[in-house]
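Ready for some practice in reading a protein structure? Keep the sequence and the 3D view open, and try each exercise before you read its solution.

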Amino acid sequence: MKTSDFYYDLPEDRIAQHPASPRDSARLLVYDRTTKQTEHHIFRDLPQYLKKGDVLVINNTRVLPARILGKKIDTGACIEFLLHKRRTLTDWEVLARPVKRLKVGTTVCFSDTLSANVLAVKEEGLVEVRFAYIGVFESELAKVGEMPLPPYIKEKLVDGEQYQTVYAKQEGSSAAPTAGLHFTPELLQVVKNMGVEVAEVLLHVGLGTFRPVKVDEITEHKMHSEYYEISAQTCDIINRAKKEGRRVIAVGTTSVRVLESAASEAGILAPTCGETSIFIYPPYTFKIVDALITNFHLPESTLIMLVSAFCGREETLRVYNEAVKSGYRFFSFGDACFFL
């Protein structure tokens with residue numbers, strides 16, 4: 001398949017610039033893969049489509065204030081880092097801009113107590129750096145870092161917590177698992193009271209999720225790896241549900257990627273952690289996921305390819321075009337869809 005096979009036309013005014021408030025007031029498009037019918041709701045109506053015994057799988061990653069602005073100490077030139085992947089307590093892989101100003105040995109200063117020395121300059125703007133700081137790195141980062149909003153969001157965030165899910169726990173992401181932004185504590189409690197089990201996984205969102213596809217043939221696209229974890233408790237919950245014929249509903253494409261990375265060919269999960277570079281595109285046989293809650297994704301992205309693997313490419317594009325005509329808000333702060 002060609003990357004262009006996953007293109008759809010989106011007017012710029014459909015790109016959401018701020019999150020829905022309250023979170024669960026976002027719109028929800030519901031698509032039934034069996035009947036090929038769509039319905040239009042509000043996200044807080046989600047429980048109408050859930051039932052006792054369902055398992056809702058959420059990604060509990062927390063976004064770092066990963067965008068930091070500094071200056072080269074030798075020239076004063078401005079440099080931007082986006083933290084991508086932690087290697088050790090001090091060493092990180094970062095996305096640097098402009099990378100052409102950096103070479104091995106360059107020092108970039110972010111504050112009086114935080115700086116970084118370049119260890120290696122890699123491909124695609126990636127740089128290996130070693131941070132020097134006084135005290136705790138996370139505390140220093142919190143002083144200078146900003147939420148790493150995607151470039152298509154032009155408005156400033158009033159509160160950084162707007163770009164965190166209400167169940168975010170483990171810091172490490174360079175972007176939010178945005179399908180989860182629609183949940184409130186109250187809505188989650190309603191779901192649990194129904195007898196729906198909520199299981200947690202972890203995937204630290206990085207370049208693998210949001211890096212654009214720059215090749216014509218999608219099979220030639222190389223996914224960057226991202227760290228993930230799935231616990232014994234979560235595996236037990238999901239394995240039991242699959243054995244009993246109950247639905248496993250992934251909240252977000254990141255949860256899908258964890259489940260499908262950890263699954264055996266027989267569809268059995270085992271607790272594990274490590275790096276995944278799984279790239280899901282049509283045709284693909286899902287081993288674990290029965291339903292998917294997600295946002296509307298960028299044209300020609302790996303995320304719309306994953307959704308197309310779940311629903312079929314033509315149907316996915318048809319649903320997306322219907323959403324455009326119906327005035328849905330798109331991308332990270334946009335509305336949601338539930339693929340049954």
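Contact here means heavy atoms within 4.5 Å. The model you are looking at is predicted.

**Exercise 1. Find which strands helix H5 (residues 253-262) lies across, and its angle to S13.**

Solution. Start with the helix and look for the strands it lies across: strand S3 (55-59), strand S12 (197-203), S13, strand S14 (248-251), S15 and strand S16 (291-295). Next, compare directions: H5 runs at about 70° to S13. Finally, check how covered the helix is: nine of the ten residues of H5 are buried. Among them are Thr253, Val256, Leu259 and Ala262.

**Exercise 2. Work out the strand order of the open sheet and name its edge strands.**

Solution. A reminder comes first: strands of a sheet pair through backbone hydrogen bonds, either parallel or antiparallel. Now walk across the nine strands, which come in the order S2-S1-S17-S16-S14-S3-S12-S13-S15, with mixed pairing. The edges are strand S2 (37-42) and strand S15 (272-276), as each pairs on one side only. From one strand to the next, the twist averages 20°.

Then look at both edges in turn:

- At one edge, six bridges join strand S1 (residues 27-32) to S2, and the two run antiparallel. Arg27 has Ile42 of S2 as its bridge partner. The hairpin of S1 and S2 has four residues between the strands, and Lys36 takes a positive phi near 60° there.
- At the other edge, strand S13 (residues 226-230) and S15 run antiparallel, joined by five bridges. Tyr227 stands opposite Glu275 in S15.

**Exercise 3. Describe how helices H6 and H7 cross, and say which residues make the contact.**

Solution. Locate helix H6 (residues 302-311) and helix H7 (residues 313-325); their axes come within 7 Å and cross at roughly 115°. The crossing is right-handed. On the H6 side, the contact is made by Ile304, Val307, Ser308 and Cys311. On the H7 side, Arg313, Glu315, Thr316, Leu317 and Tyr320 take part. Sorted by type, the residues of this contact are five nonpolar, two polar and two charged.

**Exercise 4. Is Ser174 buried or exposed, and what does its side chain reach?**

Solution. First place the residue: Ser174 lies in the loop between strand S11 (170-173) and helix H2 (185-193). Its relative accessibility is 3%, so Ser174 counts as buried, the cut-off being under 20%. Its side chain reaches the backbone oxygen of Leu83 at 2.4 Å. Leaving out residues up to four places away in sequence, Ser174 touches several others, including Val63, His84, Pro148 and Phe210.

**Exercise 5. Compare the surroundings of Glu124 and Phe331, two residues with positive phi.**

Solution. Glu124 has a positive phi of about 60° although it is not a glycine. Its place is in the loop between strand S9 (114-121) and strand S10 (126-133). With a relative accessible area of 45%, Glu124 is partly exposed. Phe331 is not a glycine either, and its positive phi is about 75°. You will find Phe331 in the loop between H7 and strand S17 (336-339). Phe331 is buried, with a relative accessible area of 6%.

**Exercise 6. Which residues do the cis peptide bonds before Pro22 and Pro98 join?**

Solution. One cis bond joins Ser21 and Pro22, with omega about -5°. Pro22 sits in the segment before S1. Another cis bond joins Arg97 and Pro98, where omega is about -5°. Pro98 belongs to the loop between strand S7 (91-97) and S8.

Notes. Residues numbered from 1 in each chain as written. Predicted model: local features only at pLDDT ≥ 70, side-chain atom pairs only at ≥ 80, totals over all residues. Heavy atoms only, no water. Axes fitted to C-alpha atoms, helices over the stretch in contact; angles between N-to-C directions. Left-handed = near helix turned anticlockwise from the far one by under 90°. Nonpolar A, V, L, I, M, F, W, Y, C, P; charged D, E, K, R; others polar. Pairing = 2+ DSSP bridges. Buried < 20%, exposed > 50% of the residue type's maximum accessible area, 1.4 Å probe, protein only. Polar contact = N/O pair within 3.5 Å; in protein donor to acceptor, adjacent residues only side chain to side chain.
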